[in-house]
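Student: I should like to learn how to read individual features of a protein model. May we go through one together?

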Amino acid sequence: STYPQYREAVIATARHFGVDPDWVLLTNGLDEGILMAAVGHIARARVHDAETIIPLPAFDPYPNSTAAVGATAIRVPPGRDFAFPTQAVLDAITPRTRMIFLNTPNNPTGQLIAIADLVRISEAASGAVVLIDEAYIEFGGTTFLPQLPRFPNVLVGRTFSKAYGLAGMRGGVVIGQPRALDPVRAVTLPFNLNGVALT
């Protein structure tokens, strides 16, 4: 009967992922976090010729969010046997690049992006936000979270839908330093996660 309060859940989530609570934004599924990242960093900045980089194959919310904010999606095809195209992603970065969507392990291929490649891209795209979608990381691979203190331009997306079996509850998390997270927080609705999901 009352609007939900989030602080306790934020603190518990931060403890679970080993990060500062101020680096945590709870979202209505990671889908909302992806869209709000695009809104916060592209639409709110009113960049008329903004581009996003989307390595293929890609989760639908990446191009959908790009279209929603009026940006242009630069789609990068995969390498042989769906290998992650690190050099092609680096080559696609321009002054117009505002977001790069990276999915590891990839949905649907299961391919991982090496931490070293995530670091190279994050360093090369210092003028953009790199969103690393780790929705399936519990099933294999190494999380980028220990690297996050070095990168104020990186957001890590996690979800409670997959390994935690709570897809119907729509609980997601966007994690990042204030420089990257605050613009997302500024455009996310205040009561985005319902009380049942919060519980």
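Tutor: Let us begin with a single residue, bearing in mind that this is a predicted model. N192 sits in the loop between α6 (178–187) and α7 (195–198).

Student: Is N192 buried or exposed?

Tutor: The general idea is to compare the relative accessible area with a cut-off: a residue under 20% counts as buried. N192 has a relative accessible area of 12%, so it is buried.

Student: Which residues does N192 touch, apart from those up to four places away in sequence?

Tutor: With those sequence neighbours left out, N192 touches Y6, L26, T27, N28 and E32. With E32 there is also a polar contact, in which the two side chains come to 2.9 Å.

Student: L26 belongs to that list. How many residues of strand β1 (residues 24–28) are buried?

Tutor: Four of the five residues of β1 are buried, and the strand is mostly covered. For a strand, one then asks about its partners. β1 is joined to strand β7 (residues 171–176) by five bridges, and the two run antiparallel. Within this pairing, L26 has V173 of β7 as its bridge partner.

Student: How should I read a strand whose residues point in two directions?

Tutor: In a regular strand, side chains alternate between the two faces of the sheet. The case here is β2, where five of five residues are buried. E51, I53 and P55 point one way, T52 and I54 point the other way, and all are buried.

Student: How many bridges join β2 to β3, and do the strands run parallel or antiparallel?

Tutor: There are five bridges between β2 and β3, and these strands run parallel. The bridge partner of P55 in β3 is V76.

Student: Let us turn to helices. Which residues of helix α3 (residues 61–68) are buried?

Tutor: They are P61, Y62, S65 and T66. The useful step is to look down the helix axis: the buried residues of α3 fall within an arc of 135 degrees, so they line one face of the helix. The face turned away from this buried side carries the exposed residues A67 and A68.

Student: What covers the buried residues of α3?

Tutor: The cover includes α2 (29–43), β2 (51–55), β3 (72–76), β4 (97–103) and β5 (129–133). One backbone detail belongs here as well: α3 is followed by G70, whose phi is positive, near 75 degrees.

Student: May we apply the same reading to helix α5 (residues 115–124)? Which of its residues are buried?

Tutor: In α5 the buried residues are D117, L118, V119, I121 and S122. Their cover includes α4 (86–92), β4, β5 and β6 (154–159).

Student: How does one read an empty space in the model?

Tutor: One asks for its volume, then for the residues that line it. The largest pocket holds about 260 Å³ of space. Its lining has 15 residues, of which F160, L193, A197, L198 and T199 lie nearest the centre. The elements giving two or more residues to this lining are α1 (7–17), β7 and α7. α1 gives the most, with four residues.

Student: How many cavities of 30 Å³ or more does the structure hold?

Tutor: It holds one. The largest cavity has a volume of about 130 Å³. Of the 18 residues that line this cavity, P55, L56, F84, N103 and N106 lie nearest its centre. β4 gives the most to the lining, with three residues.

Student: I should like to return to loops. Where is S161 found, and is S161 buried or exposed?

Tutor: S161 lies in the loop between β6 and β7. Its relative accessibility is 9%, so S161 counts as buried. Its side chain makes a polar contact of 3.5 Å with the side chain of R170. Leaving out residues up to four places away in sequence, S161 touches L166, A167, R170 and G171.

Student: And what of D81, in the loop between β3 and α4?

Tutor: Here the cut-off for exposure is needed, which is over 50%. D81 has a relative accessible area of 62% and is therefore exposed. One may also compare separation along the chain with separation in space: D81 and Q111 are 30 residues apart along the chain, and their C-alpha atoms are separated by 9.4 Å.

Definitions and conventions: Residues numbered from 1 in each chain as written. Predicted model: local features only at pLDDT ≥ 70, side-chain atom pairs only at ≥ 80, totals over all residues. Heavy atoms only, no water. Buried < 20%, exposed > 50% of the residue type's maximum accessible area, 1.4 Å probe, protein only. Arc of directions from axis to C-beta. Contact = heavy atoms within 4.5 Å. Polar contact = N/O pair within 3.5 Å; in protein donor to acceptor, adjacent residues only side chain to side chain. Pairing = 2+ DSSP bridges. 1 Å grid on protein atoms, 1.4 Å probe; cavity = no way out; pocket = protein on both sides within 12 Å on 5 of 7 lines; lining within 4 Å. Points joined across faces, edges and corners; volume = space filled by probe spheres on them.
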